[in-house]
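Welcome! Below are some short exercises to help you find your way around a new structure, each with a worked solution. Have a look at the sequence and the model before you begin.

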Amino acid sequence: IKSKETFDSKLSHQEIESIQSIIKFGSEESIHLLFKQLSQKEVQITEKLMNNQNHIISLAHIVLDYASSLNINFEEVEPLPLMDQLKAFRNLSEVYQYIENIVLNIKKIYHSHTQSSSNDLFKEAISYLENNFQNPLLGMESACEKLGISVSYLNNLFNKHLDTSFNKELIKIRMEKAKELLRFTNKKIYEVAEEVGYSDVYYFSFSFKKYTLKSPKEFRSET
């Protein structure tokens, strides 16, 4: 710990990286502990520190950079100028408490944005399936290209929202539509297969029986 005589009011590169790492990747508890430890070190800092403001400026840059890295407009977090807010505090303990609250608010806003984006993407993915299931070439790759996301992220969306995979949901949509066609139309089985995205009627029959435990012919006769 630096003494009052040797204390450098400007945060070192190592200190900045450490604070940035905890803010970005730490839990709410670890963030609270960080600022608690910073507050406990306040006794090491001279009154001149509050006057030259280097320390506060370093903290402000860390917070602003963090919000920017998450594509969050800082005015959404704090509508008033950050430096004006920081300069109004009487001591660093108040500064640290304020910064901690700002960081936690940034995290909450980011999670809210992420959840909203995830919901919108999932709705778009479901809509794409429902409007294109008749295409025998429909698959994860074409869906990902359309949505502009990775295969792993697409599967994560379906696991999160439906507790299933993209491919299983596609099969479900096709099979439910096939059941509807078999029940309410006189279309031949190969025509039903084509309408739900199967170019091979035998593979359709295999998939249908696996899904319903009945062949298309058995299903139609019983309904």
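**Exercise 1. Decide whether lysine 177 is buried, partly exposed or exposed, then describe its salt bridge.**

Solution. Keep in mind throughout that this is a predicted model.

Step 1. Lysine 177 has a relative accessibility of 27%, so it counts as partly exposed.

Step 2. The side chain of lysine 177 forms a salt bridge with that of glutamate 180, at 3.4 Å from N to O.

Step 3. Both residues belong to helix H10 and sit 3 residues apart, about one turn of the helix.

Step 4. The partner, glutamate 180, is partly exposed as well, because its relative accessible area is 39%.

**Exercise 2. Find the salt bridge that joins glutamate 176 to a lysine, and work out how each partner is placed.**

Solution. A general idea helps here: side chains of opposite charge can pair when their charged atoms come close.

Step 1. The partner of glutamate 176 is lysine 179, with 3.4 Å between N and O.

Step 2. Glutamate 176 and lysine 179 are both in helix H10, 3 residues apart, or about one turn of the helix.

Step 3. Glutamate 176 has 34% relative accessibility and so is partly exposed.

Step 4. Lysine 179 has a relative accessible area of 17%; buried means under 20%, so lysine 179 is buried.

**Exercise 3. Say how many salt bridges the structure holds, and describe the one between glutamate 222 and lysine 214.**

Solution.

Step 1. The structure has 4 salt bridges.

Step 2. In the one between glutamate 222 and lysine 214, the N to O distance is 2.7 Å.

Step 3. Glutamate 222 is exposed, because its relative accessible area is 53%.

Step 4. Lysine 214, at 31% relative accessibility, is partly exposed.

**Exercise 4. Work out how helix H10 is oriented relative to helix H12, and which residues meet there.**

Solution.

Step 1. Locate the helices: H10 covers residues 166-184 and H12 covers residues 201-212.

Step 2. Their axes are 10 Å apart and make an angle of about 95°. Angles of 65 to 115 degrees count as roughly perpendicular, so H10 is roughly perpendicular to H12.

Step 3. From H10, the residues in contact are Ile171, Lys172, Met175, Glu176, Ala178, Lys179 and Leu182; from H12 they are Phe204, Ser207, Phe208, Tyr211 and Thr212.

Step 4. Sorted by class, this contact has 7 nonpolar, 2 polar and 3 charged residues.

Step 5. Link this to Exercise 2: Glu176 and Lys179 are among the H10 residues that meet H12, and their side chains also meet each other in a salt bridge.

**Exercise 5. Repeat the analysis for helices H1 and H2.**

Solution.

Step 1. H1 spans residues 13-25 and H2 spans residues 28-40; the angle is about 150°, and the axes are 8 Å apart.

Step 2. Angles over 145 degrees count as roughly antiparallel, therefore H1 and H2 are roughly antiparallel to each other.

Step 3. Ile19, Ile22 and Ile23 of H1 meet Ser30, Ile31, Leu34, Phe35 and Leu38 of H2.

Step 4. The contact of H1 with H2 includes 7 nonpolar residues, 1 polar residue and no charged residues.

**Exercise 6. Where are asparagine 71 and aspartate 163 placed, and what are their phi values?**

Solution.

Step 1. Asparagine 71 is in the loop between helix H4 (54-69) and helix H5 (74-77). Its phi is positive, about 60°, although it is not a glycine.

Step 2. Asparagine 71 counts as exposed because its relative accessibility is 72%.

Step 3. Aspartate 163 lies in the loop between helix H9 (151-162) and H10. Its phi is also positive, near 55°, in a residue other than glycine.

Step 4. With a relative accessible area of 69%, aspartate 163 is exposed.

**Exercise 7. Describe the chain as a whole, and find where its pLDDT is low.**

Solution.

Step 1. The chain has 13 helices and 0 strands.

Step 2. Of its 223 residues, 35% are buried.

Step 3. The average pLDDT is 84, and 90% of the residues score at least 70.

Step 4. Among the elements, helix H3 (residues 48-52) has the lowest mean pLDDT, 47, and helix H11 (residues 189-195) the highest, 97.

Step 5. The pLDDT is below 50 over residues 1-8 and over residues 43-51. Where pLDDT is low, the predicted coordinates should not be read in detail.

Conventions. Residues are numbered from 1 along each chain as its sequence is written. This is a predicted model: local features need pLDDT of at least 70, side-chain atom pairs count only at pLDDT 80 or more; totals for chains, interfaces and linings use all residues. Side-chain values use heavy atoms; hydrogens and water are left out. Axes are lines fitted to C-alpha atoms, for helices over the stretch in contact, and angles run from 0 to 180 degrees between N-to-C directions. Helices (H or I, at least four residues) and strands (E, at least two) are DSSP runs, numbered from the N terminus. Angles under 35 degrees count as roughly parallel, over 145 as roughly antiparallel, 65 to 115 as roughly perpendicular and the rest as oblique. Contact means heavy atoms within 4.5 Å. Ala, Val, Leu, Ile, Met, Phe, Trp, Tyr, Cys and Pro count as nonpolar, Asp, Glu, Lys and Arg as charged, and the others, Gly among them, as polar. Buried means under 20% relative accessible area, exposed over 50%, partly exposed in between (1.4 Å probe, protein chains only). pLDDT is the predictor's confidence in each residue, from 0 to 100.
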